[in-house]
Every structure is written in structure tokens, then in C-alpha cells.
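Here is a walk through one protein model, taken in short steps. Keep the sequence and the 3D view open side by side.

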Amino acid sequence: MDHYLDGFRVLELADETGEYVGKVLAGLGADVVKVEGVAGGTTRDIGPFRNDVPDREASLFFWHYNHGKRSIVLDLDTKIGQERFHALASRADVLIDTRQRSYLESRGIGYATLKALNPSLVYARIRPFGDSGPWADFQASDLIHLALGGVMMNCGYDPHPQKGYETPPIAPQMWHAYHIAGEAAVIAVLGALAYRRRTGRGQPLTVSIHNAVSQNTETDLPDWVYLRQPHHRQTCRHSFRTTSVPSLAITKDGRYMLPYKTYLQSSPTFTADAPRAAAAVLAKFGMDEGLHETDDKARLAAQERLAVLVDRLCGRLMFSDDLWRDGQERGLPWAPVRRPEENVTDEHWIARKTFAAIKHPEDGTEYTYLGARWYSEDAPWKVEKIRPPRLGEHSDIVLREWAAPRDLPPLVAGTGLARSHGRPSAVGKPFALAGVRVLDLGWMLASAGAGRYLSALGAEVIKVEHIDRIDGLRYGAGRCPSGGRAERDAATAPMTTPVPANPNRCGAFSEVNAGKLGLSLNLKSPRGKQILESLIREVDIIVEGFSPGTMERMGLGYQRLKELNPRIIYAQQSGFGEFGHYGRTRAFGPTAQAFSGISEMSGLADPFPPAGIGYSYLDWFGAYNLATAMLAALHRQATTGQGCHIDGSQTEVGLYLTGTAILDHSVNGRRWSRYGNCSPYKKAAPHGAYRTRGNDAWIAIAVFTEQQWEALATGLGHREWIDDPRFSDLDTRYRNQDVLDRLIEKETTTQDGYDLMYRLQAAGVAAGVCQTAQDRCERDPQLRHEGWQIELPQSEIGTWPVKDFPANLKETPGYAGGPPGRAGPNYGEDTEAILSEICGLCAAEIAELREVGVI
């Protein structure tokens, strides 16, 4: 079996901020060689450890993020180390670098030198705030990025009804800032490699972790951009403009279930009559109290009563009774709030090879790791059967193998990457994917969001929908006011949400579908299906987000797609994937989060419930996952001439983010337990979010070293803390962090968060305001410097800010407007042009199709 990046060589010089990138590229089949110093990489010191004994060969963090790589030791402070690095870089396709910007240059191995040796090198820089801008030299950490990027202000617990928030915003655990930035970097690297395969030219690219994280939140940004509406944190459900009905229900044994969307009426985004279905579940247990017999108006008035009844039923059952299955049988996307390790024995994931038993031959053990990130029979994920590398164990063999000549096979004529480079983007540079064509049957964010990354890299992405099944995101967040941008700019208070009558006026849809063409096509009609088949013959990729089995029922399963186009890449994504035991299980982002363990992995320690992530986090990761899959499949197609079928799953990519917890359970027998904003594995104290002056205003502070601790104590005017025996070193501070947190918050509460952040950063302390959507849009000079939003026109609502591509590629910069140079299309906006230019239909034929309702 061949893998997506067979033959590609990746040189990794990375810490925790970039190891995820190498891990994903290794899973795609690349030979990833990790360069470590004589003492080993710093991530070998991050816990947890096997048997809880610190050991640089027994870090479960290192095991998870470096499985599938090889390790070579080079002392880059010596001439011989530098010469060997030169030799490896001259034969590499990709270099991943997370060091300080002067590190390589000062040793004579900077990018200019490497480019002269290897003009085709793709040089990927991953830095906390990029390499330029007012915050370029700020100190950072996972916590600081999640604060400044807005994630924390979406995550936490319901406020007190009268006193506001008594609990801080919560950083989801573990290492999510680096996951988010890593996804952006992988997409950018694959795009740069596509351009390299066509032209032989490499390029440098930079990913700012701050930029990538700031783009990851969901509805808070369009609600602010279009309507000046702030969001508020809620327990284990979406942050929102107002408080909504609780989503968690507690079982008899103190576990939780997510009866997601139980209380919603029918809507464009959820077609089942949720209250009626929930009432049917209650009736099965004799607890409906006649609720199912009431009419629609009465049910709407009884939403809170329905919530109470579901909570009451859940409280009479054990977690193991799997009440969520009863909801799923009636079309409700209910889910258990699982701990991550509880998925290991699930038959669905076993069938999909989501987990893998990896041998550790030194002691004859075998542990459970994360395996495949998606399911594919003909293009499988690469999973090494041997443990992660020991320090330097591949030094000799890598130097020998990489010294041998190697040529990647030529591009296969007629494949997407072999076509004409096309016209330049709006910024005057070539598009990496010009000539690639994608048929997008995606839905909402998790599948439709993937296409925006390919369009930003220059692919022609055709979004197909019909008024009978219009994309529900068209009625989502950020609805444009009737007065447009002028009305919004004049507003000084939150605006009223417009009635969702027009499908062309939603800001969230406009952004998620930026750069695409719009085709209206009724796929239920025989003629509509014929037109779709004619388009399939002309594209490289078809991507869809239908319920599993839908394409097969339409007569367009993978076998039929291959008959129409032997080189077709068929990428589908659903909540649980089509193959396996949960194919018909319904899911949205929160369902997948609860099921995978992601929801349980955010929040304060017991007795608090899970806080979850306050938006559809796995919708974004679903989009990243599918974009990566399509880009990787294009490389395989270009080399082999073959297409493939990729069966993606939001829950599966969520599981991929929990690998350290899975290993901790497999190795140490320890179940997952929440730890709030603390940092037990890369030990830090203080480490948390502290109240500052103002309403619901917070600052995150992370102290890892004694120097930072002294700077913090001095900066807060309490040098006596330095001599306090309770805080004498990192271990004692960690043991006494509750006391320390109270002392720190007593000082921060009276101070302006931004003033304090700048003062602490100047002293070398990692600190960052917990920023809101307003803060990121209006107060953040670094995001402004990086151009994180660009102005794009939309045909009906005019020009608005849209999040741009989350990486900076020098030669082929991503551009959110894509080839059309605009935000998301109006419904069916490009129908005539697509049918005439691609399908060859004349004006009379198109008019007839419109008259009979095919378009």
C-alpha cells in the first residue's frame, strides 16, 4: 500500500510548538527526522511519564507527538554538527523550525544559506507571534495563546444569576494552541509542496500561533463583526449572546450526558422536530407526562419543562445505561460525555483502526497509541508498529540513507497538480493550487469549511446546494443588518439580530465559504443528478458532508464515482465516519466533542462538571482534517495517477488530540481527571487566569522559571513573596498554588489588564489578556500587523472583514478571496457560468432547467 507522502523527507527542528506538524506529516507517509541536541529535545522533559518517574526516554508527551519519526543527534554549536545539518537540509523537502529567529542564522545555517544549497526546500517557521510585529518578542505558552486568541473567553461556566462570573475562563486541556497552529502549518506545507512539485521552487512560510488560534473560535467573531454582539460563557455549550437552556444532564452515578439540541424546534440547521423526539424518549420510560401530546405552540412554551424532565430521567439512570442511544434512535444528536480512554474499547474505533498497539521491545511491553486519523482502504494512514525514537538511535542510518540519490517520481499528466498554473491571485503572486478543481457538497462548517483553505490556495471550488436542502449555515451567526456596514459602523451598542429570511446575508456563511463559486442544483431530480455526474468527470476532488450512506443511496457511491472519473478523490466527513458501527449516528461539533473526551478535558477539577469548549471546536478540526486529506490525496494522485476514498470523522480527529491521555491510561492505568488552568505536566506556578479591573476582565499568567517568578513578584510589588517558604521553588509553588493564586488575584483585580500584560511581558513574564472578539478585532496590534482579516466583497451585503489564510507563504500567499476574489457566494450565484463553461449548456437549456426547478 502506498501512502500520501511516500518519498518526501522532512527535517524537524521543533519543540512542543511544532512537533504536531511533524507527527501529521509522518502519518501521511513522509520520512520525518527529528534533530535533537546531545541532551535531547526539551519535550522529553514534559510529562506525564511512565510510572510517574521523570525519564527522558519515558515521556508520554514525547511518545505521542513523536511516534512515527526518527531521531538524530546533532550538536549545532559545532562545525561538524552544522556540516551534517547542511547535508541533511540539502536533501530535505521540508524543514520545520520553531527556534528563535536568530538561532540558525547565528550558526551559519539560516534560510538564505539553506536556500542556496537547496532551492526547492520548503522552510516552515512556527513561532508564537511570527517573526515581526509589536508582539514578536512576547513570551508565550499554550495558556497564553488560548487567552489572547479568544478561546478561553468562549470556555467556562455559567455566571451567577446576580453576581456575574465567579469562575475564570477556562483553557481546554491539553496543548490545543499547538494543535490549532499545527493544522494551519500542515495545510500550508502541503500547499507549498504542491507548488514545488510543479515548479521545483521551494519557499519560506511562517505560521503565527497567535494568528492561527485567534481564527479558531466560531460564532463570537461574526456576531461581533456584523452586529456588535458580545458572547457569554456557558457550561459545556456554545458561548452565546444570551443564556440558553443547559446542555448537560447528570446521571445517577455522577457522570454526564449531552442531550444536544433537545430543546430546539425545527430549523434549517436541524430538520428533526427535536422536542417531539425528546418527548418520545421520555415516553419510553413513562416520564413524558403527556408532553408528546401537546401541540407545537404548547411545546415551544414548555422547553424548560422538557429540560427538567430529561434531566430527571437521566438522573434515574446510570451512565452505562447509554440513554444517548435512545435519543440517537429518534434522530437526536445525543452523546455520552466520555473520558478519552473510554473510547479505546469501542468496537467502532477498533473497526476503523483509530487506535494501535505499539511495541516497546526493550521491556517487552505494548501500549495503546492513536493510530489512523481517518479511514481509507486504498490510501491508509501510516502507523509505525514500533515505539517512538530513542535519543539519536537513527543518527547513522539517516546520514547514510539521506546521502543516497533520490528523485521523486514525475507528475502524472492530467492530474490536478500537473495542470496549468493559471492566473495570479489578487495580491499578484501565483496560486499554489491553480488548475485544481473541487466539487463541494459540504455542509455547515465541518465539511464546507475545508473548501475555503483549498480555494485560498487557488483551487476552483464549486459549492453545490439547492433551496430544498440549503446549507444551514446561511441562517447562522452574524446576520447582516438591513442597513449594511454603515449601520453596523454607526452602532454603539449590541444590535438586534435580523430575522433569517434571506440566505445571502449571513456573515458566518460568507466567511466559511469565501473564495467559492455557487451552483444551485436539485440533486433529487434525474436531470440534476446527470449534471452532477458531468461535473464529476471534470473535477479532481468531490467533498461532501452528507449523512453516511447518502451518496450510495443517490447511486453515487465510490465505485460509481470511479466509473465517472477514475482519478477522483472522494473525501467525505461525518460525525463518526461511514465505515464502522456508528455510521447512522447523528453528530454536530458538540456531540463529537463529548464523545471523544474533548468536552471532559476542559474544566475545573471535581466536583465541578466539565466546562467543555464553548463552540464547535471539532467543526474547525473537521475542516482542517478534510483540507489536509484532500491536499495529501492530490500529492498521491499526482504521483500515482490514482484517486482514493477518504472517510473522515469529526470524533476521530478529536480523539487524535487526546493521545497523551490515552497513553497515560494505557501505561499508568490512570483515568483522565480535569485540572483547570493548572500546568501539571510542563510544571508552572503560578499558571492561571486572574481577574483584572473591569467587567469579566481577566489576564492569563504562566511562570515556568525562577527568573520569571522573581520578575512577577517584583512586578506586582511583592518581593517578599520570593522569600516566602511556601513559594521557595517551583515544586513548593505548585503545591501551594491555591494560596498563591489568591494573593496574585488580589493584586491583579485593581489593575488594567493590558497595562499589566505589557509591564509583565517587558520583564520577561508570559502574560496575556483573555481577549474577546471585540479585543481581537479592535485592540490587538499584532493581529492587525499580521493582516489576520482582509476586506472582501460579497455580492449582496457589500464588503466586510473576513479571516484570511492562517499562514504566510512568501511565493504563493494564501488569499481568502480565492480565484473569484470575494467572500461566500449568493445562493446559486454562478450557476449559469458553471453550466455553460464547464458543462457546455447553452442559454436556452439553462433557462429550461430553471423553469422546471432543476436549478
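Start at I250. In this predicted model, its bridge partner in strand 8 is Y256. Strand 8 covers residues 256-258, and two bridges join strand 7 to strand 8. The two strands run antiparallel.

Now widen the view to the sheet. Three strands form an open sheet in the order 7-8-9, with antiparallel pairing. Strand 7 (249-250) and strand 9 (335-336) are the edge strands. Each of these edge strands pairs on one side only.

Turn next to the nonpolar interior. The largest nonpolar core has 179 residues. Those with the most contacts inside this core are Y4, L25, L28, L433, L454 and I701. A second core, separate from that one, has 30 residues. Its members include L439, L523, Y558 and L841.

Stay with I701 for a moment. Leaving out residues up to four places away in sequence, I701 touches L143 and I144. It also touches P686, H687, G688 and Y690. The rest of its contacts are L712, I744, L760, V765, A766 and A767.

Finish with a polar residue, N66. It lies in helix 2, which spans residues 60-66. Is N66 buried or exposed? N66 counts as buried because its relative accessibility is 0%, and the cut-off for buried is under 20%. What does the side chain of N66 make a polar contact with? The partner is the side chain of E19, at 3.3 Å. Beyond its neighbours within four places in sequence, N66 is in contact with E12, E19, K34, T43, P388 and P389.

How values were computed: Residues numbered from 1 in each chain as written. Predicted model: local features only at pLDDT ≥ 70, side-chain atom pairs only at ≥ 80, totals over all residues. Heavy atoms only, no water. Helix = DSSP H or I, 4+ residues; strand = E, 2+ residues; numbered from the N terminus. Buried < 20%, exposed > 50% of the residue type's maximum accessible area, 1.4 Å probe, protein only. Polar contact = N/O pair within 3.5 Å; in protein donor to acceptor, adjacent residues only side chain to side chain. Contact = heavy atoms within 4.5 Å. Pairing = 2+ DSSP bridges. Core = buried A, V, L, I, M, F, W, Y, C linked by side-chain atoms within 4.5 Å.
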